[in-house]
Amino acid sequence: IPVRAKFENPVMVKKLAALLNDSSGRVRETAAFILGEMQPISPIAVRALEKAIIKEKNADARLAISEAIEKITGPLRPIAVRTSLKEKDIGPSLRTPSDIKAISPEETVRLGNGGYSDSQGNLRQDFEYVEAFSASRFHVNPADLYENRITHEKIIVKGGQPYSVWADYIGLSFFRLAGLPTPKFSLVNAPMRGRDGKIVLDDNGTVRIALALAIEFLEGHRSGGLWLMPEYYSYPYIQRGVLVSLLLADRDRTAKNILFEGRDISHIDFGASLAFRATGGFTDFPMHLNVFNIAPLLMTIRLDRKEMANEAYGEALRNDELLKELSQCLSAISDEQIRSIIKAAGVPRGPESIILLMEWIKQLESENEIGRWNRKARNQRLAPMEIFQQAISAGGLGEYLEQAIIARRDDLVGIFSKSLLVLPGMEIKTGIIAPVRDRVKNPDKTIIIP
């Protein structure tokens, strides 16, 4: 899995470029995908990809090569770079505080509803399975492409752990409420399928049904790589998500979780948010935020690099006027709107969820004894255990998420409604946050927090 690094690895780039000539189409496709994610500066990558696409016969590999070239070379059309709602060319979807207040709790959960479920909550029968979604082959959670046999509308049905589905739905709903672009979406109960596309049966031969998220398939849109292209650093439809990402602990708002089509962008994939990890497992989601504990939430989760999840967020955090404006928008989100989103997500509540929370605590206790590959430190297990204990005291998981998001909203409004002269322990430089302890080696660095 490609990760951000401070310096480009030319040996890795050359080896990946060489793999574009491998005899296996699957290997060629994977090599192209990784190059696209890395977005290397070295011209070797683009030259190799351009040569490879001419002779490539495998459809999947050819698509991966095409997407990699686009990710590395950038979008074909220029985009707007203004950030304030006062600018005339900002689209109407970005909401002012009064716009947000005018939305009722009932309307809140209908803002992005794609209507992909029937009255029983099942995937509508006029949507037929097409194939496993190609991009899902590189990710943990399964995803399948469906098409409406009447209208030919396409959707992606994305499964995984129930908590990943809840987090994804909640993230999409809050971004929609803020007026930020997302695909249309619906929670659905859908047949479970294996990686080969075959329906999974239980021991009794009955089709296994699982909670999933049906998401509008946006034709022509492409996921970004690890780095946001400079044209988008000041793009309002990305910048204006920074406080909502802090609210939800949306830790992976990197370019790969944003779809691009020229001026149009769309935010996707909020599985790594709240108290949950996109790859499975749990993390910290404290009830309260302050200037000391918000800084780590702004970092990308990849290899714990001390960098912004995306460069547009770094630009936003240096714009004091924008932060005050966004804090007003956050303040406009009501308790009732928050509760309606959590309930609509289907997050379990009360005694049912307490049983689940106790199971999660036991799982983390077990991991604490034997360790697990994706937990780097003991405190990464202890923190969610403490959160789940607090959730039990709050009456359940749904109850805790409601209370925590309401409290975090109030904390963020208090922090960002006034000028921040210093964010303790951190500095921002060209969109990158780094610990002040690094300044020991470079004492001349200047803290430039807004």
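Visitor: Where does I199 lie?
Guide: I199 lies in the loop between β4 (185-191) and β5 (209-216), and, like everything else we will discuss here, that placement comes from a predicted model.

Visitor: Is I199 buried, exposed or partly exposed?
Guide: I199 counts as partly exposed, because its relative accessibility is 38%.

Visitor: And which residues form a nonpolar patch on the surface?
Guide: The patch is formed by I199, L201, V207 and I209, which together have about 330 Å² of accessible area.

Visitor: What about the two strands on either side of that loop, how many bridges join β4 to β5?
Guide: There are seven bridges between β4 and β5, and the two strands run antiparallel; as one example of the register, S186 stands opposite A214 in β5. As for cover, β4 has five buried residues out of its seven, so the strand is mostly covered.

Visitor: Switching to the other sheet, what's the order of its three strands?
Guide: The order is β6-β7-β8, in an open sheet with antiparallel pairing. Its edge strands are β6 (222-223) and β8 (264-267), each of which pairs on one side only.

Visitor: How many bridges do β6 and β7 pair over?
Guide: Strand β6 pairs with β7 (residues 258-261) over two bridges, in the antiparallel sense, and within that pairing R222 has F260 of β7 as its bridge partner.

Visitor: OK, helices now. Does the span of α7 agree or disagree with its residue count?
Guide: The span agrees: helix α7 (residues 162-177) has 16 residues, which at 1.5 Å a residue should span 22 Å, and its end C-alpha atoms are 23 Å apart.

Visitor: Is α7 mostly covered or mostly open, and what follows it?
Guide: Helix α7 is mostly covered, with 15 of its 16 residues buried. After α7 comes G179, which has a positive phi, near 85 degrees.

Visitor: Next, F388. Which helix is it in, and is it buried or exposed?
Guide: F388 is placed in helix α14 (residues 379-394), and F388 counts as buried because its relative accessibility is 1%.

Visitor: What does F388 touch, not counting residues up to four places away in sequence?
Guide: With those residues set aside, F388 touches A275, F282, L357, W360, I361 and L364. For one of these, W360, the C-alpha to C-alpha separation from F388 is 8.0 Å, although the two are 28 residues apart in sequence.

Visitor: A275 makes me curious about T283. Where is T283, and which residues is it in contact with?
Guide: T283 sits in the loop between β8 and α10 (311-316). Leaving aside neighbours within four places in sequence, T283 is in contact with R251, L274, A275, F276, R277 and P384, and A275 is also among the residues that F388 touches.

Visitor: T283 is in a loop, so why does it count as buried?
Guide: T283 counts as buried because its relative accessibility is 15%, and the cut-off for buried is under 20%.

Visitor: Last one, S327: which helix, and how far in space from V413?
Guide: S327 lies in helix α11 (residues 320-332), and its C-alpha atom is separated by 5.0 Å from that of V413, which is 86 residues away along the chain. Apart from neighbours within four places in sequence, S327 is in contact with L243, V413, F416 and S417.

Visitor: And is S327 buried or exposed?
Guide: S327 counts as buried, because its relative accessibility is 2%.

Methods
Residues are numbered from 1 along each chain as its sequence is written. This is a predicted model: local features need pLDDT of at least 70, side-chain atom pairs count only at pLDDT 80 or more; totals for chains, interfaces and linings use all residues. Side-chain values use heavy atoms; hydrogens and water are left out. Helices (H or I, at least four residues) and strands (E, at least two) are DSSP runs, numbered from the N terminus. Buried means under 20% relative accessible area, exposed over 50%, partly exposed in between (1.4 Å probe, protein chains only). Contact means heavy atoms within 4.5 Å. The expected span of a helix is 1.5 Å times one less than its number of residues. Two strands pair if DSSP finds at least two bridges between them. Patches are made of residues with over 30% relative accessible area and no salt bridge: like charges are joined within 9 Å, nonpolar side chains (Val, Leu, Ile, Met, Phe, Trp, Tyr) within 5 Å. Accessible areas come from the Shrake-Rupley method with a 1.4 Å probe; for residues, only the protein chains shown count as cover. A salt bridge is a side-chain nitrogen of Lys or Arg within 4 Å of a carboxyl oxygen of Asp or Glu.
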